[in-house]
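Q: I would like to go through this structure step by step. Could we begin with a backbone oddity and then turn to the sheet?

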Amino acid sequence: MATQAHSLSYAGCNFLRQRLVLSTLSGRPVKIRKIRARDDNPGLRDFEASFIRLLDKITNGSRIEINQTGTTLYYQPGLLFGGSVEHDCSVLRSIGYYLEGLLCLAPFMKHPLKIVLRGVTNDQVDPSVDVLKATALPLLKQFGIDGESFDLKIVRRGMPPGGGGEVFFSCPVRKVLKPIQLTDPGKIKRIRGMAYSVRVSPQMANRIVDSARSILNKFIPDIYIYTDHMKGVNSGKSPGFGLSLVAETTSGTFLSAELASNPQGQGAAVLPEDLGRNCARLLLEEIHRGGCVDSTNQSLALLLMTLGQQDVSKVLLGPISPYTIEFLRHLKSFFQIMFKIETKPCGEELKGGDKILMTCVGVGFSNLSKTLK
């Protein structure tokens, strides 16, 4: 990795979001070369270009240069501005793809962010809006990001390939983040879920609920799975159904799993019974992996720990995902921060898989663009 004038250089299209988000927070320009250079269709994809446009909307003074073939991107970040924004996301990826980036950036804006995102709300690739609302928002609250204006709501659902969903997200601004000590995952006390169906029979959602409960009822009595059947204009442009499940522990940890049906016209038809059972099994797998943060939000927790005050933060994670491992490398490049990583083998009191205790001292990041009242 060559560094010229504090800019970082990377090759390839992997982890593009991570690099752009960390570049925006650290203020270090980034140059990414060889983006799908050998592909039949080289360069940035539509959803990546849409993410770059979104960054341009929420910052002030960013400089973005893309060559003619779209294989080289130079990004010099401006100041995070915020305010009221509307953005039409690419239907190739779900709104969760964009929200994950926004959750990292929103607390450090100059003005509180109020954004309307349109596109696909639930797909098979990215975390759905339901799961991010149930797991990422409580995680942000642990770091002191809270208030009446902290909200994420689904106005309309949209399934791939047509999309047509709409989501409203608003987040207050914080000058500094609290350090955290999340080392006790606790025991599962209740499971909540959301079975949704759009442009198919409302009975689909009930069938999903019954099949998911047939597995989960063996473990815990306190299970409630809501059904959500949106009609008319609120149901987007394509048919589909799915389920998101969230298990809450006694110490306020949220672990999630989700599944969605295949997009219209792609792949074999999925039975709602199979989908419900498989999603329940995925949740049990996630509980087995355990930790105080589920695998979807590992990188978000580590980023907020890095940006915390110059104090020790600790978090207990399950096995870390390849995405998170790459994220740790990027944190070292952009913020020169290293985590202390201790493995906690599965003992008597720790059920499930082996756990990893991540410890770091925050870089003391403070939101300079926030005007002091």
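Q: Is Lys-34 buried or exposed?
A: In this predicted model, Lys-34 is exposed, because its relative accessible area is 53%, and exposed means over 50%.

Q: Where is Lys-34 found?
A: Lys-34 belongs to the loop between β3 (30-33) and α2. Its phi is positive, about 50°, although Lys-34 is not a glycine.

Q: What sign does phi have in most residues other than glycine?
A: Most of them have a negative phi.

Q: And what is the phi of Phe-15?
A: Phe-15 also has a positive phi, about 60°, and is not a glycine. Its place is the loop between β2 (7-11) and α1 (16-26). Phe-15 is partly exposed, with a relative accessible area of 24%.

Q: Now the sheet: in which order do the 4 strands come?
A: The order is β8-β9-β11-β10, in an open sheet with mixed pairing.

Q: Which strands stand at the edges, and why is one side of each left without a neighbour?
A: The edge strands are β8 (82-88) and β10 (151-156); each has a single partner strand, so one side lacks a neighbour in the sheet. From one strand to the next, the twist averages 10°.

Q: In what sense do β10 and β11 pair?
A: The pairing of β10 with β11 (residues 165-171) is antiparallel, over 5 bridges. Lys-153 stands opposite Phe-168 in β11.

Q: Which helix touches β8 and β9?
A: That is α2 (residues 46-58), which packs on the sheet, its direction making about 160° with that of β8. Helix α4 (residues 129-142) lies across β10 and β11 and runs at about 170° to β10.

Q: What joins Pro-160 and Pro-161?
A: A cis peptide bond joins them, with omega about 0°. Pro-161 is in the loop between β10 and β11. In general, most peptide bonds are trans.

Q: Another residue, then: is Ser-90 buried or exposed?
A: Ser-90 is buried, because its relative accessible area is 6%, and buried means under 20%. Ser-90 sits in the loop between β8 and α3 (95-105).

Q: What does Ser-90 touch?
A: Leaving aside residues up to four places away in sequence, Ser-90 touches Asp-46, Phe-47, Ser-50 and Tyr-98. A polar atom of the Ser-90 side chain also lies 3.1 Å from the backbone nitrogen of Leu-92.

Q: Finally, which feature does UniProt place at residues 10-341?
A: The unreviewed UniProt entry gives "domain: RNA 3'-terminal phosphate cyclase" there. Over those residues the chain is 31% helix and 28% strand.

Technical notes:
Residues numbered from 1 in each chain as written. Predicted model: local features only at pLDDT ≥ 70, side-chain atom pairs only at ≥ 80, totals over all residues. Heavy atoms only, no water. UniProt positions renumbered as here; feature names shortened; annotations may be inferred. Helix = DSSP H or I, 4+ residues; strand = E, 2+ residues; numbered from the N terminus. Pairing = 2+ DSSP bridges. Axes fitted to C-alpha atoms, helices over the stretch in contact; angles between N-to-C directions. Contact = heavy atoms within 4.5 Å. Buried < 20%, exposed > 50% of the residue type's maximum accessible area, 1.4 Å probe, protein only. Polar contact = N/O pair within 3.5 Å; in protein donor to acceptor, adjacent residues only side chain to side chain.
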